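Reader: Please give me a close look at one contact inside a single chain, and then set it beside the contact between chains. Keep to what can be computed from the model.

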There are 4 protein chains.
Amino acid sequence: MSKLWGGRFEKETDRAVEIFTASIGVDERLWQVDIVGSIAHVRMLGQQGIISLPESQEIIRGLKSVQEDIASDLAAGKVTFRAEAEDIHSEVERLLTEKIGPVAGKLHTARSRNDQVATDSRLYLRDQVAAVQKDILVLQNWLITTAEKHTETVLPGLTHMQHAQPVSLAHHLMAYFWMFQRDAERFTDSLKRINVLPLGSAALAGTSFPLDREAVARDLGFASVSENSLDAVSDRDFVVEFLSGASLMMMHLSRMAEELILWSTPEFGFVRLDDSVTTGSSIMPQKKNPDVAELIRGKVGRVYGALMGALTLLKALPLAYNRDLQEDKTFLFEGLDTVHSSLKLMTLMLSSAYFDTERMSGALKGDFSNATDLADDLVVHGMTFRQAHEVTGRIVRFCIEANVGIEDLSLAELQQFSPLFTDSILAKVKPVAVMQARTSAGGTGTKAVLEQIAKARKVVKAVVTLA
Amino acid sequence: MSKLWGGRFEKETDRAVEIFTASIGVDERLWQVDIVGSIAHVRMLGQQGIISLPESQEIIRGLKSVQEDIASDLAAGKVTFRAEAEDIHSEVERLLTEKIGPVAGKLHTARSRNDQVATDSRLYLRDQVAAVQKDILVLQNWLITTAEKHTETVLPGLTHMQHAQPVSLAHHLMAYFWMFQRDAERFTDSLKRINVLPLGSAALAGTSFPLDREAVARDLGFASVSENSLDAVSDRDFVVEFLSGASLMMMHLSRMAEELILWSTPEFGFVRLDDSVTTGSSIMPQKKNPDVAELIRGKVGRVYGALMGALTLLKALPLAYNRDLQEDKTFLFEGLDTVHSSLKLMTLMLSSAYFDTERMSGALKGDFSNATDLADDLVVHGMTFRQAHEVTGRIVRFCIEANVGIEDLSLAELQQFSPLFTDSILAKVKPVAVMQARTSAGGTGTKAVLEQIAKARKVVKAVVTLA
Amino acid sequence: MSKLWGGRFEKETDRAVEIFTASIGVDERLWQVDIVGSIAHVRMLGQQGIISLPESQEIIRGLKSVQEDIASDLAAGKVTFRAEAEDIHSEVERLLTEKIGPVAGKLHTARSRNDQVATDSRLYLRDQVAAVQKDILVLQNWLITTAEKHTETVLPGLTHMQHAQPVSLAHHLMAYFWMFQRDAERFTDSLKRINVLPLGSAALAGTSFPLDREAVARDLGFASVSENSLDAVSDRDFVVEFLSGASLMMMHLSRMAEELILWSTPEFGFVRLDDSVTTGSSIMPQKKNPDVAELIRGKVGRVYGALMGALTLLKALPLAYNRDLQEDKTFLFEGLDTVHSSLKLMTLMLSSAYFDTERMSGALKGDFSNATDLADDLVVHGMTFRQAHEVTGRIVRFCIEANVGIEDLSLAELQQFSPLFTDSILAKVKPVAVMQARTSAGGTGTKAVLEQIAKARKVVKAVVTLA
Amino acid sequence: MSKLWGGRFEKETDRAVEIFTASIGVDERLWQVDIVGSIAHVRMLGQQGIISLPESQEIIRGLKSVQEDIASDLAAGKVTFRAEAEDIHSEVERLLTEKIGPVAGKLHTARSRNDQVATDSRLYLRDQVAAVQKDILVLQNWLITTAEKHTETVLPGLTHMQHAQPVSLAHHLMAYFWMFQRDAERFTDSLKRINVLPLGSAALAGTSFPLDREAVARDLGFASVSENSLDAVSDRDFVVEFLSGASLMMMHLSRMAEELILWSTPEFGFVRLDDSVTTGSSIMPQKKNPDVAELIRGKVGRVYGALMGALTLLKALPLAYNRDLQEDKTFLFEGLDTVHSSLKLMTLMLSSAYFDTERMSGALKGDFSNATDLADDLVVHGMTFRQAHEVTGRIVRFCIEANVGIEDLSLAELQQFSPLFTDSILAKVKPVAVMQARTSAGGTGTKAVLEQIAKARKVVKAVVTLA
């Protein structure tokens, strides 16, 4: 097909240049939003009398027919788009022209590819963000449901990877719930800036045609229209904002993946991943590897890289549209695909995981994670915390040398370190008691955790209602 | 000073380790929020009867006195914090102890440095985000005010750095207004996740003391309390979210800086920066360099780097607090300082800049940025756009060879390319007319721009009212 | 095909897990090096008597036959690899088994996929680095050849984007020559660490089979064998080192692209890119856009992103092999593809570019880039440089007000500023003379530049001889 | 002090601009190399007769005296540089002028700050790279020495964090030796591109003074002089190349740190860090935290961030010097400081670490990391590996159910799975035997490891000889 812009050119474009500048391999997935956007545009053109109503209707019919063709071709596994196409926009227009002839040319009235591609990207991302939020919700629901079963399951809570204080498995799982909740809310906030219509900005300066941009926005479900055409065709903030949110979310997944890998080691043994989500070794017959968790942990690099790439792309670009911007979609789609698959696989892996609660509670035996409570007890009996800390430190050293736990000491033994200890201390240093003692809001005590879960159910429900 | 945690240790900490792990050089700027946070904490301790009311009052008096001392020392340029201190939290406690004696030790009841540092960081960032938003507002006000004066000043609007269509300087400046508006809104959104109180999470699991966390939150102006203690002490999302927003904002500044540098070249000559914001060369007597713009452009790397550093830091960290997190403040403060100074200097530079509107309009002479309007005119007279594009392309080639502009052609000359041209075309291809023709919403035509400015005034006022 | 590691597993792998963990879509391009590596391995197995010689020969024949099949299928555009394959290694083994039956299983003796994939990656990258160096050489040759034609073509040399001193186009082009020379040398250095054989490390600990690793290294052209099996299967330094070098090289290309974009503006007009490497606009008939340069500038983000992704991937991974490492190839191939295409397209674009030497020299008229030489002349006549700088500064201000250049002043006019000026100054301030005056080694004077080009020819020849 | 470039300026520089553009806070550490570079420059000026010999000698005396003053001031803890200075170069010149009067002005003859700062940075980095290599060597020496003691100490070798095969502690430690060896070699390679003299390039184009750049290079120990002045003043590749190498090295340290943290957990217990390099908790009396390892792991983000910042800085900068480049030093020094302290602290931490070899070998009990050898034995007795893998898989499942290890099975029990087993198998499955069996080059068997250590000693000695 001869170029649409040959007038002032005396030579053909070099084939290598066509290949280098083409984006069809990346942007083909925009075909549907491209058509949807075009239908809204052309409907408005007809309503405003910019083209005739019958022309408008014919183009819409044509676009819908192209849409059906592509959908059925894809469903049948047939390749639809020509590798030699420049981009999805020109490819859709070509298919339309094949179907309805030259009137197809009127579709591009009062529109440029600069505002068209920005519109397509926003339409696509808007839907994808909703889909990501749904993925998150599924994972959050698993977290809540599982937490509810484990409000009294204790395991070592760690700081610096050292046993610190016992916490419940419910509390541990809910920590991730809130991370993902922030992720979901951040995505919701980003929609304010994604869901804005750039169409009508034309190449860079607006157009002299009497457009009704608000009508197009309503038609396509955009919350508002862009306020400045120069900004509209060169703004890719929404790509960076999505990738920033996605980076945070992948970081959260990487933390969870790290713990699952760690907990799967024979040394920890807190979790056993199902055969269906692990793999073996062709050499070592005993191996059962947490590959899915490892890959999720690794894929955080993909999204960080995409974010850094997009930021680099945009550095110091003068107004308005520059061809560099075409590269934005590689980063965006890389981020989206990684986020989707990682969330889904994490949920799949967790759903079939077996938590070995005996190993968890067993790990608390003699681990001194009840030392704080020993000190607190002395404080309650009148010692300053500083002294109590010192006394407890000496008890810990004694236990290490004697190779026993604090909970193994008799009252008499304890009283050798301080006469302030009374009978009640023996119950207080049991792991479950230690966990239960943390009753402050947001703490690991069962009552506090149940309140936490109740709040979680509420925010999750709020999101569901919204969507 | 002997360590607060020596009980189970048999050896002194190596001095090199103390230096390596100390953070006082970085976190000393948190001194004020640290004291403010401590006052709220200790007031609540007193109200809840966790310590006695008189104790609580004595500690508060002591803290206020320490605050005054530090403030006056700093004002006098006297160094207050000892280089050998571990961090600002222990340094403040030391100063308090010097002032009021051992009762100072009760300040740390039911609190850990893990929740304390998270509280300090959030208090500090919350205020700083508001300060950044104020910096943005000052720049936005300059943009609006200057735009209002230039709604009819024309210059070449560029795509691909090539002259595309004339735009008004007002429209160009307002493009930046909206970028900064998104930045400001993003920061506002981030406050929802910054302005949450972690205090009360203690080391990781909450505490057995009967805290009133809501009271502390109210006292400190936090909108809510954190829901999960494990999450609260290990969450640094707010640092990353700030740096993501800051990266976008610096990217916008880098685009603006790039244009100022470009416009300052003798080739463009659209702007002359004031002597007071440029520098010369010790070698080349003629030089006047836009150093401020160059440095702003360069400093975008600082913030991108800080973002990447923070994301790297957090990758795959297991729950809950890990010492790695201490590094977050380096990135956060690097981002904050860069953003503040870059915004202020950009505004300073712009405020004294002289826009050479003659060079701007002169650049439109014979630049063919009116070619689209020539084609559009033919379309209005019945030619298809494709033909019109072709005809105009030929006119452009003719002009290039004849070394004249489209606006230099007579009607007779134009009619040699198409008889459809009429007298009216001669006025239509004048740059100002071309600019004015773009009347669509968000376009560069004066009426559209005035509406844009009116909206901008409204959103800016909305922010001011909120703050 | 049933898994090779099913023994201890009771359940089938979930299909979603198979898809998530499969790498065939990425690593299929390793098919050839995989076969080449396998041939070397199996030849050694035969020679060492680990398998029988006839077995070894049969497997080699089979592998060569598979190689031919794949090559001819690919040439014919037929898809060879099954989408459901796990990776290219198992796919090649499957094809081999189809061809020669169960003896194919002996190929994997004393080998694990851990050392196999590391070997494949290194073989592939080694060849690709050589190919990248060849791409660089072609560009360097264009630079030298073009520089030779322009040793007396003057244009403004810029600092801070302001006219500083005249330089020759030759000198300007040669600046890029040396950047690419450093890139090429860096890649050569990296080969020392790429071209090391990991095969024989087995899964992680080496093997009990009596391997001759040196023989395999010789066979495959590796310069050495890895010294530690744990390191060998987990080392991806070579990926990061390549991406670091590639990032620097893309950065250099981005600088060149930026200048081409700038020089293509009507304001500069120093270069006119050929119609065959530029594109137009479907809307604006006058447009001729430097898309190729813009895309090269944009693609720097791809490589920076891949580098950051790879670094993130590797952070804090414990020994030895972890599945995360599978992601390395995405980053590596992304980097390689971008580097190849960007280098080739840059050369293509430059080869047909027209340098407008009149615009270049015209830009020096009245630009004061000869001011330093005016000051230097006063110094030669006895004035201190500080005074001379001051006097020249006043002359520049006078000229700006009078709207003339330094070279337009008469001797009499100059002498009004200082009586030290003599007749000779009038020749000295002409741009070509100013350029020629910089005779120091590495300077822009023609003689110095000719020496520079001679050295460049030598280093380029040295590389060619090596390759 | 009045500016050196005021001639054409009518206004004073704004104070905020002076602060924003000043670099003294960052570049003050270059004071010594700045003086050393100046001495070499001025000596050459004298030798070439560009200034008189007596002038040259007086300036050199003055510079040496300034050098002594600064050194003694710093030693005495007295602040030397004025906060209001623009940069270290002008500050040194000011101090020189105070000392020797106006003749100091001749120092800057035939030099610009553009080539001066590039020279200083390279001098500084060259020395620092050597210092980093020395830090590495100290760590490597510890690794070799410790490895020699542990060639028969076994621990579980991991893949996917699961027990794979037993390896010796020597082998494990030596894996890190080779990582650091690559780092050291990479730094050596980078010196080729660092150790090049830019001085003599002047502002951008060279100079008309008859410099002897080779003499200056010899004087300062540079291996060569830069070939192109435009490149020389704008090249910061050496900063990026250093930061790339530093990122890889920090990544290696982060892996080692991760393992130390992991091995310090009670679950692993393979290492006990000394009290002198760990810290406790003010709350939890039992805590002993591996803070140093955590901070090293965290600091990898600093260097990755600096690398990304530097790459961002350089993207798309046109020739030649731009003020953006001033920011390079922040990234460089950040990288250097982090690398130095992290290496030193890692060595300190390791030097006092206690390796619990009983916990290590104990971890191998019943862990099935000898399963491969069971299968290999069957292969030796004639079974195909595939069958052997299957049989061994079943044995593993049997053991898991019976809660015993492979080494706990009697010959009779083993023969129930396959009659091929003979008496010898009982010895073969003992962990040490399994480790010893890996005799291939680079494997974990003691003989192979001793050869590895011998090679390591040789490469380390080679480096020492070189330095």
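**Domain 1 against domain 2 in chain A**

Author: The centres of domain 1 and domain 2 of chain A, taken over C-alpha atoms, are 29 Å apart. The model is predicted, so local features need pLDDT of at least 70 and side-chain atom pairs count only at pLDDT 80 or more, while totals for chains, interfaces and linings use all residues; side-chain values use heavy atoms, without hydrogens and water. Residues are numbered from 1 along each chain as its sequence is written, and chains are lettered from A and ligands numbered from 1 in the order in which they are written.

Chain A is divided into domain 1 (11-109), domain 2 (114-147 + 168-362) and domain 3 (371-466), bounds that come from an automatic or database domain assignment. Between the first two, 23 residues of domain 1 and 19 residues of domain 2 are in contact (heavy atoms within 4.5 Å). About 2000 Å² is buried there, with carbon and sulfur atoms giving 63%; buried area is the accessible area (1.4 Å probe) that two parts lose on being put together, summed over both. Arg29(A), Leu30(A) and Val33(A) supply 28% of what domain 1 buries against domain 2, more than any other three residues.

The rule finds two salt bridges across this interface (a side-chain nitrogen of Lys or Arg within 4 Å of a carboxyl oxygen of Asp or Glu). Arg43(A) forms a salt bridge with Asp219(A), with the closest N and O atoms 2.5 Å apart. Eight residue pairs, both at pLDDT 80 or more, are in polar contact between the two domains; this requires a pair of N or O atoms within 3.5 Å, one able to donate a hydrogen and the other to accept it within protein, and residues adjacent in sequence count only if both atoms are side-chain atoms. On the domain 1 side, helix H2 (24-27) and helix H3 (31-47) of chain A each supply at least two residues, and H3(A) gives the most, with 10 residues. Helices here are DSSP runs (H or I, at least four residues), as are strands (E, at least two), numbered from the N terminus. By class, that side has nine nonpolar, nine polar and five charged residues. Ala, Val, Leu, Ile, Met, Phe, Trp, Tyr, Cys and Pro count as nonpolar, Asp, Glu, Lys and Arg as charged, and the others, Gly among them, as polar.

Now the contact between chains. Chain A brings 94 residues and chain B 95 residues. The area buried between them is about 8100 Å², of which carbon and sulfur atoms give 56%. Glu227(A), Arg255(A) and Leu319(A) supply 9% of the area that chain A buries against chain B, more than any other three residues. This interface has 16 salt bridges; one of them joins Arg186(B) to Glu241(A), with the closest N and O atoms 2.9 Å apart. There are 51 residue pairs in polar contact, both at pLDDT 80 or more. Elements of chain A that each supply at least two residues include strand S1 (154-159), helix H7 (169-194) and helix H10 (237-263). H7(A) has the largest share, 13 residues.

Chain A can be laid on chain B with an RMSD of 0.1 Å by a turn of 180° and a shift of 0.0 Å along the axis, by least squares on the C-alpha atoms of residues with pLDDT of at least 70 in both. The two copies are therefore related as by a two-fold rotation axis.
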